[in-house]
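This briefing introduces a protein model for a reader who is new to structural analysis. Please keep the sequence and the structure in view while reading.

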Amino acid sequence: MATKAQLGKLLLPKNPEQFISEQLLINSIEGLPIHISHAVRVYHLPIHHKDPFDRILVAQSQLENLSIMTLDPLISQYDVNVIW
């Protein structure tokens, strides 16, 4: 979110630190750390997407059995559950 806001692709009503922290609390969302297993999984992914941040999200989604909320059509080419 912070990167998208910095690039002007996402308008946040407050600074990222405050907005993201508040939203995590309000929506009972926990952060997911990046583990070595996630980074290694990226190696085994087909190269549908070249963005390293998106590829790590795909790897986390697969290994942690989590859905991804995104409008990015490239993400749906992976074996992940996409919401939105």
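**The largest pocket and the surface**

Helix α4 supplies six residues to the lining of the largest pocket, the largest share from any element. The model is predicted. The points below treat the pocket, then a nonpolar surface patch, then one loop residue.

**Pocket**

- The largest pocket holds about 1800 Å³ of space.
- Its lining is made up of 33 residues, and those nearest the centre of the pocket are M1, L57, I68, M69 and T70.
- Two or more lining residues come from each of α1, α2, α4 (52-64) and β1 (68-69).
- Sorted by class, the lining of the largest pocket comprises 19 nonpolar, eight polar and six charged residues.
- Rolling a probe the size of a water molecule over the atoms reveals where empty space remains.

**Surface patch**

- M69, L71, I83 and W84 together form a nonpolar surface patch of about 540 Å².
- M69 therefore appears in two settings: M69 belongs to this patch, and M69 is also among the residues nearest the centre of the largest pocket, where a lining residue has an atom within 4 Å of a pocket point.
- W84 lies in the segment that follows β2 (82-83).
- W84 counts as exposed because its relative accessibility is 71%, and the cut-off for exposed is over 50%.

**Loop residue P13**

- P13 sits in the loop that joins α1 (2-6) and α2 (16-26).
- With a relative accessibility of 65%, P13 is also classed as exposed.
- P13 and V40 are separated by 27 residues in sequence and by 36 Å in space, C-alpha to C-alpha.

Note on methods: Residues numbered from 1 in each chain as written. Predicted model: local features only at pLDDT ≥ 70, side-chain atom pairs only at ≥ 80, totals over all residues. Heavy atoms only, no water. Patch = residues over 30% accessible without salt bridge, like charges linked within 9 Å, V, L, I, M, F, W, Y side chains within 5 Å. Areas by Shrake-Rupley, 256 points an atom, 1.4 Å probe, with all protein chains shown as cover. Salt bridge = Lys/Arg side-chain N within 4 Å of Asp/Glu carboxyl O. Helix = DSSP H or I, 4+ residues; strand = E, 2+ residues; numbered from the N terminus. Buried < 20%, exposed > 50% of the residue type's maximum accessible area, 1.4 Å probe, protein only. 1 Å grid on protein atoms, 1.4 Å probe; cavity = no way out; pocket = protein on both sides within 12 Å on 5 of 7 lines; lining within 4 Å. Points joined across faces, edges and corners; volume = space filled by probe spheres on them. Nonpolar A, V, L, I, M, F, W, Y, C, P; charged D, E, K, R; others polar.
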